Amino acid sequence: MYSHKKFELVSDYVPSGDQPGAIQQLVSGLEKGKRYQTLLGVTGSGKTFTMANVIEKIQKPTLVIAPNKTLAAQLYQEYQAFFPHNKVCYFVSYYDYYQPEAYLPVTDTYIEKEAMINEEIDRFRHVATSSLLTRSDVIVVASVSCIYNLGVPENYFDSIIGLEVGRAITRGDLMKWLIKIGFTRNNIGAKRGTFRIRGDVFEVYPAAEAVTYKITLSPEQAVTELAVVDTLTRKVKEQLKDLIIFPPKHFVTTMPERERAIKDIKAELKERLKYLEKNKLLLEAERLQRRTKYDVEMIGTLGFCHGIENYSRHLSGKPPGSPPDSLMSYFPKDKNGKPDFLTIIDESHIAVPQIAGMYAGDQARKKTLVEFGWRLPSAMDNRPLSFKEIFGQEFSAGGGSASGGEERIGQTIFTSATPAQYEKEHASQVVEQIVRPTGLVDPPIEVRPVYSPFPKGSTAQAGRDLNPPSGVPATSFKKGGIKQWTQIDDVIAETTANIKKGEKTLIITLTKKQSEELAQFLTDKGFRAKFMHSDTLTMERTEILKGLRSNEFDVLIGVNLLREGLDLPEVSLVAILDADREGFLRSEVSLIQTMGRAARNLGGRVILYADTMTGSMKRAMDECTRRRAIQLEYNRKHKITPKSIKKEIREFGQ
């Protein structure tokens with residue numbers, strides 16, 4: 001059932017520049033058992049290719065954690081291209097929309113949980129977990145949501161249905177087995193997680209694959225045929241000798257477990273009500289009793305209730321305070337029970353603090369719900385893993401030594417063009433990858449004023465009708481009776497020139513509203529422009545980036561998502577509006593990362609719009625100057641002529 005297959009890297013490229021040295025140092029560190037290592041790789045230096053080479057040499061299942069869904073999607077496609085003969089999986093939050101349950105005591109407002117699940121992303125998640133349990137050559141590219149509760153791997157694995165041609169099984173037993181692990185019978189339409197029966201023929205629609213399994217039983221009650229069929233035409237696409245069917249849900253419970261859970265929930269409710277009544281919290285007690293009794297009745301009758309995840313500790317049988325099982329629990333362990341897989345944390349300067357902050361935020365929200373009688377205390381155990389539960393130590397932005405605790409990830413490599421203090425101080429070694437194989441140098445940076453008088457004789461002086469919507473930094477306007485030329489006028493002029501060259505532009509604003517309104521403003525002026533930010537749907541983000549690269553439009557406007565890691569070689573101009581607004585969005589790290597989006601194009605350049613030179617701007621520009629000097633010296637020494645990166649535009653899928 002478990003397949004042992006080696007990772008096989010497929011690429012037309014060979015390691016060059018700083019890549020060979022980085023690969024050798026990182027592999028050597030892993031072989032020596034080093035717990036943490038950091039790869040400081042500049043934008044465009046081929047960090048993903050370096051890590052692909054490391055994976056091939058180490059030959060271990062790998063978890064790649066990215067700070068957001070957009071970057072995770074890009075990495076997923078890149079690793080797919082490098083390992084076409086192995087299993088590369090995509091694992092991110094499956095919510096297109098998610099409003100967590102919350103209570104605001106100040107206004108006495110209860111906010112019920114609302115969620116919209118993306119079925120396609122849910123399928124990708126099932127592909128990841130089922131692959132981890134059946135083969136060794138698996139790379140899972142995930143967002144930081146992978147640290148959340150994901151059922152119990154043992155229950156998930158024990159619920160697998162294994163069939164083979166000739167196996168004796170009755171029609172009734174197969175039907176009961178499918179229902180027991182979470183499938184529902186549906187004789188009308190084809191839907192993931194359902195099955196239908198026609199005589200002795202079962203058609204099963206698995207959660208992890210966009211296919212239909214056909215299972216034919218003989219009158220003698222044995223499997224006579226296993227096949228993959230076309231969902232629409234019912235024609236056989238592939239005959240199978242054996243078949244594995246995984247549960248359609250990650251949280252799998254049996255009837256005895258539900259009965260035990262109901263007893264435990266009732267016992268906890270009784271104890272909690274005593275506490276609330278003793279402290280004269282009668283409203284909270286009545287509220288908790290009414291809600292919990294209703295949920296218990298639903299679980300007992302249907303096996304499910306709205307918000308059932310809040311009872312996950314009882315359903316799994318774990319003791320109070322126990323860490324939940326996350327995606328990491330599905331990865332293999334060695335004979336000593338230690339994690340036996342490689343972890344790569346991409347753009348670690350963002351991802352590591354994210355991981356550290358998720359637990360505290362979740363617990364603060366749940367604590368209020370428990371305190372005011374909306375949930376039992378056990379709801380606190382439905383949570384993401386804490387930083388210490390993942391890394392075996394507390395998070396300290398200023399570094400510090402590791403302290404005890406169980407680790408849930410294996411040897412780890414942090415990768416970033418701008419690693420933070422944590423990654424630098426906790427790493428056994430920091431490996432630099434400054435030289436780009438393409439010979440490309442960091443783009444030139446120009447600082448231009450946000451506001452300035454119109455240049456004499458300019459076409460703008462004749463009067464351009466540029467009236468921006470509210471929220472967008474002002475354009476042509478009169479200040480003290482003097483007409484002004486602003487960053488919006490200038491970026492429009494630069495974008496126009498860029499379009500004439502057939503090249504793409506990124507414009508970085510300070511807020512999501514500004515990005516939306518500026519995109520609409522440019523569209524009204526005849527530009528092909530779009531915006532992208534954190535409210536953009538997961539799959540839509542990938543389509544937008546693909547559209548920019550395939551010339552469907554020319555200008556992409558955003559805030560945060562257009563920073564770390566995005567590989568857009570068609571972009572030759574990055575314009576950062578209001579670059580002198582010192583803060584997180586205009587910090588040294590943010591500026592370096594954003595400017596790096598122009599580092600994959602030979603004609604790449606950056607314009608910072610600022611009326612003052614901030615410390616972050618100066619440090620970012622100084623660092624780019626240092627890296628540029630290293631690359632230029634390498635190019636001179638090896639007689640390299642820089643050239644733009646060429647990258648195939650791939651379809652997202654599996």
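## A buried threonine in helix 8

Leaving aside residues up to four places away in sequence, Thr 292 touches Ile 265, Leu 269, Tyr 311 and Leu 376. The structure is a predicted model, so that is the spirit in which to read what follows. Thr 292 belongs to helix 8, which covers residues 282–302. Is this threonine buried or exposed? Thr 292 has a relative accessible area of 1%, and it therefore counts as buried, the cut-off being under 20%.

## Salt bridges around helix 4

Side chains of opposite charge can pair when their charged atoms come close. In this model the count of salt bridges comes to 35, and helix 4 (residues 119–132) is a good place to begin looking at them.

Within that helix, Arg 123 and Glu 120 join their side chains in a salt bridge, with 2.8 Å from N to O. The two residues are three apart, about one turn of the helix. How does accessibility compare with the cut-offs for each partner? Arg 123 counts as buried because its relative accessibility is 8%, under the 20% limit. Glu 120, at 34%, falls between 20% and 50% and so counts as partly exposed.

Helix 4 also takes part in a link to another part of the chain: the side chains of Arg 192 and Asp 122 meet in a salt bridge of 3.1 Å, N to O. Arg 192 sits in the loop between strand 10 (184–185) and strand 11 (194–198), whereas Asp 122 is in helix 4, so this pair ties together parts that are 70 residues apart in sequence. Arg 192 counts as partly exposed at 21% relative accessibility, while Asp 122 counts as buried at 11%.

## Another pair, and a network

What is the N to O distance in the salt bridge between Asp 325 and Lys 318? Their side chains meet at 3.2 Å. Here the acidic partner, Asp 325, counts as buried at 13% relative accessibility, and Lys 318 counts as partly exposed at 27%. Elsewhere, salt bridges with shared partners join five residues into one network: Glu 446, Arg 448, Asp 490, Glu 494 and Arg 605.

## The loop at Ser 587

Where does Ser 587 lie? Its place is in the loop between strand 27 (571–576) and helix 16 (588–595). Not counting residues up to four places away in sequence, Ser 587 touches Glu 582 and Ser 616. For a view of the backbone here, take the C-alpha atoms of Ser 587 and Ala 620: they are separated by 8.5 Å, with the two residues 33 apart along the chain.

## The second largest pocket

Let us finish with a pocket. The second largest pocket has a volume of about 1300 Å³, and 46 residues line it. Phe 82, Asp 567, Ile 645, Lys 646 and Lys 647 are the lining residues that lie nearest its centre. Three elements give two or more residues to this lining: helix 2 (47–58), helix 3 (69–82) and helix 15 (538–549).

Which element gives the most to the lining? That is helix 3, with nine residues. By class, the lining of the second largest pocket is made up of 17 nonpolar, 15 polar and 14 charged residues.

Notes
Residues are numbered from 1 along each chain as its sequence is written. This is a predicted model: local features need pLDDT of at least 70, side-chain atom pairs count only at pLDDT 80 or more; totals for chains, interfaces and linings use all residues. Side-chain values use heavy atoms; hydrogens and water are left out. On a 1 Å grid over the protein atoms alone, a cavity is a set of points where a 1.4 Å probe fits but cannot get out, and a pocket is an open set with protein on both sides within 12 Å along at least five of seven lines; lining residues have an atom within 4 Å of a point. Grid points are joined across faces, edges and corners, and a volume is the space filled by probe spheres set on the points. Helices (H or I, at least four residues) and strands (E, at least two) are DSSP runs, numbered from the N terminus. Ala, Val, Leu, Ile, Met, Phe, Trp, Tyr, Cys and Pro count as nonpolar, Asp, Glu, Lys and Arg as charged, and the others, Gly among them, as polar. Contact means heavy atoms within 4.5 Å. Buried means under 20% relative accessible area, exposed over 50%, partly exposed in between (1.4 Å probe, protein chains only). A salt bridge is a side-chain nitrogen of Lys or Arg within 4 Å of a carboxyl oxygen of Asp or Glu.
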